[in-house]
Structures are given as structure tokens and as C-alpha cells.
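Please open the structure in your viewer and keep the sequence panel visible beside it. This tour proposes a series of selections and states what is found at each one.

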Amino acid sequence: MQNKSKNNQQLLIYSFRAVCLLLIMLLTVPYSAQTQNNILENVEVKMNDGSTVIGELVIETTDKLIVKTKALGEVTILKSTIIEIKKLRSINIVDGVYWHENPNPTRNLYGPTGYGLRKGEGYYQNILILLNQLSYGFTDQFTIGFGFEIISILAGVNDSSDGPSIPGFTITPKYSIPIKKDKWNIGVGVLALHIPGQDELFSAGILYGVSTWGSRDNNFTLGMGFGITEREFTGKPTITLAGNKRVGRRFGIVTENWFIPFGDDYETLFSFGLRYIGERITWDFALFGNIEGVSPLPLIGIAMPFGEGWKG
């Protein structure tokens, strides 16, 4: 038993080193599609009469713009009538209405997709007031997040040393790899977890990989991860199946489902919800539960993008 524990500890150390080495290698390899991903050639022009023109910027001079629209062709706009010119990373017009880019394609309800934040993008997420997450894209491929909860503070949980209470928190680095741009992305990452009342800084975690097929609006994600607790890997992986479907300019449907090993069996956790997609905010209204007769519980979450890299 002692040899097994020692072998698991060595495996944990070697795996941690391998992940760190992989991240370093990936971060130092130049990626040719990064600059292409940030080309801004579409504009939204708001004018002082209340009208808005959306299309491709063809010509800009000192006194006018010429914008090519899908409905009207090329439109000439005098700069003296313009209130705001907003450059757009992508353009998506459905039935003559512009749909802003999804502010949060990197996550389902909580778990990650294969997409990452672009360089300079970030978001703050809150679930039921109690759970918080801040994430930021340092490159177009590398995202790191910091999450924390306030349940343990409200419950008065103290560290084992009887010191001040330290809430549970997570560190979540993720590296995203576009296999086929806007159609297939994979991500690898680590969730390192501090459990309140434990002496160790990170007493548990999970090493995972996710694969997402589809666009940032409509996709399906398969994920798999091995938990780490007491310096040992779990014998069976946790599996996630999730999907996102945008059904309108402002609304989408999201589902996230977990298959978690407990002993020789798996426990299941299912969720299904509606997502409100605003230009600078998303709201999630979902129900989650299992299939063993437990009534579904409500889940309400909010996410707000920030950062210089974010363009709607």
C-alpha cells in the first residue's frame, strides 16, 4: 500500500512537470493565425439621427465613410453626422438584424469549452452570488482564471490551525488549440483547488482535456478529466457532455452534464438552461439535478466581459 501511494505521488509529480513543460512549449511557439484572428474590417456606425449602419468599411477619408451593407449596397456617410464608429471582429446579420458576438463562448454553465479567450479579453462570472470567477486571456491561446467562493466564510469554516478562515479558491490555466478555425477547438488545462480547513494550499484538483465541435455560438463539447486528491489520481475519469445553441439575437440554450466516479459507480449531474446574450453581459437561468428522483434545483449565473481585447 505504501509503495502504491509512493508510485501515485511520483506519477502526480511527473504529470505536473509534463503539463508545465507542455504549456511552456506551447506558449513559446509562434502561432501564425493570431494576427489574422484580430483583423477588424467590419463597422457599426451610429449617427445623430438615431440610425445605424452595419457593414464592411470600404473607404475612409477625412470627411466621409463608404460602408458596404448587405441590404443597401455601398452607403456614403458624412463624418459630421456620426456619433460613434465601432469596429467589429465579426459580422452576423440574420433577417436584416445584427447579432452581437457571443461574449462567453469559452464556457458552458460553468465548465470550459475548447475555445479560449482572445488576447486582452476577460470576464467575471458569478453563480448564485456564492461562486465567483475571473478569467483573462494572456494570448489568443492561453487563458488563466481565478475562482473563489464565500460559502465557507458564511458557514464560519476555519483552517485546521484555528487561524482566520480562507475561502475555497481555484486556479484554472487552460491552453486552447484551434484544429480548424471556428469549427473545432481543443483545450487542455488544470483546475487546482484549495479546500477550506486544509493545511495544503492545493489539496485537490483535476487535470482535463476538452474537445469542442462547432462555432462559438453553436457547438458540442466532450470533456474528460482525472481528479487529484491526497496526491493520488482517481482511478476513473470524470466525463462531461455539453452543448450550446443560439436560437435568437438575444437568447441561447445551454446544457452541461457530468458523469462523476464514486467508488465502482458513476453519479450523474444534468443541467439545462436558457442564456440571455447581451452586448456586454450574459445571464444563465438553468435547472440542475440527477436522475435518482431528486427535484431539480435552480441555477442563476451572470457573466460580464471586460478588457481591451473584447469587441462585440
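**The largest core**

Begin by selecting Val-43, Val-45, Met-47, Val-53, Leu-65, Val-67, Val-75, Ile-77 and Ile-82; these nine residues form the largest nonpolar core of what is a predicted model. Colour next the elements β1 (42-47), β3 (64-69) and β4 (73-78), each of which supplies two or more residues to this core. Strand β1 contributes the most, namely three residues.

Now centre the view on Met-47. Which residues does Met-47 contact, once its neighbours within four places in sequence are left aside? They are Thr-52, Val-53, Ile-77, Thr-81, Ile-82 and Ile-83. Another core, of five residues, lies apart from the largest one; select Leu-109, Ile-127, Val-254 and Ala-286, which are among its members.

**A loop residue before β9**

Proceed to Ile-129, which is placed in the loop between β8 (122-127) and β9. Is Ile-129 buried or exposed? Its relative accessibility is 65%, and because the threshold for exposed is over 50%, Ile-129 counts as exposed. Its backbone also deserves attention: Ile-129 has a positive phi of about 70°, although it is not a glycine.

**Three paired strands**

Select strand β9 (residues 131-137) together with strand β10 (residues 142-149). The two run antiparallel and are joined by seven bridges. They form a hairpin, and four residues lie between the two strands. To see the pairing in detail, display Leu-131 and find Glu-149 of β10 opposite to it.

Add strand β11 (residues 169-180) to the selection. Strands β10 and β11 also pair in the antiparallel sense, over seven bridges. Here Gly-147 is the residue to display, with Thr-170 of β11 standing opposite.

Keep these strands in view and show the side chains of Phe-146, Phe-148 and Phe-169. Ring pairs link these three residues into a cluster.

**From β11 to β12**

Follow the chain to Asp-182, located in the loop between β11 and β12 (184-194). Asp-182 is likewise not a glycine, yet it has a positive phi, of about 60°. With a relative accessibility of 37%, Asp-182 counts as partly exposed.

**A buried serine**

Select Ser-211 in strand β13 (residues 204-214). Why does Ser-211 count as buried? Its relative accessible area is 11%, and buried means under 20%, so Ser-211 meets the criterion.

Show the side chain of Trp-184 as well. Which kind of contact do the side chains of Ser-211 and Trp-184 make? They make a polar contact, at 2.9 Å. With neighbours within four places in sequence left aside, the residues in contact with Ser-211 are Trp-184, Asn-185, Ile-186, Phe-220, Thr-221 and Leu-222.

**The aromatic rings**

For the last stop, turn to the aromatic side chains. How many aromatic pairs are counted? The total is eight. One of the pairs is formed by Trp-283 and Phe-285; select both and view their rings from the side. A pair of aromatic rings is described by the distance of the centres and the angle of the planes. For Trp-283 and Phe-285, the centres are 6.0 Å apart and the planes differ by 10°. Planes under 30 degrees apart count as stacked, so this pair is described as stacked.

Finally, display the surface around these two residues. Trp-283 is partly exposed, its relative accessible area being 32%. Phe-285 counts as partly exposed too, at 41% relative accessibility.

Key. Residues are numbered from 1 along each chain as its sequence is written. This is a predicted model: local features need pLDDT of at least 70, side-chain atom pairs count only at pLDDT 80 or more; totals for chains, interfaces and linings use all residues. Side-chain values use heavy atoms; hydrogens and water are left out. A nonpolar core is a set of buried Ala, Val, Leu, Ile, Met, Phe, Trp, Tyr and Cys residues joined through side-chain atoms within 4.5 Å. Buried means under 20% relative accessible area, exposed over 50%, partly exposed in between (1.4 Å probe, protein chains only). Contact means heavy atoms within 4.5 Å. A polar contact is a pair of N or O atoms within 3.5 Å; within protein, one must be able to donate a hydrogen and the other to accept it, and residues adjacent in sequence count only if both atoms are side-chain atoms. Two strands pair if DSSP finds at least two bridges between them. Rings of Phe, Tyr and Trp (its six-membered ring) pair if their centres lie within 6.5 Å; planes under 30 degrees apart count as stacked, over 60 as edge-to-face and the rest as tilted.
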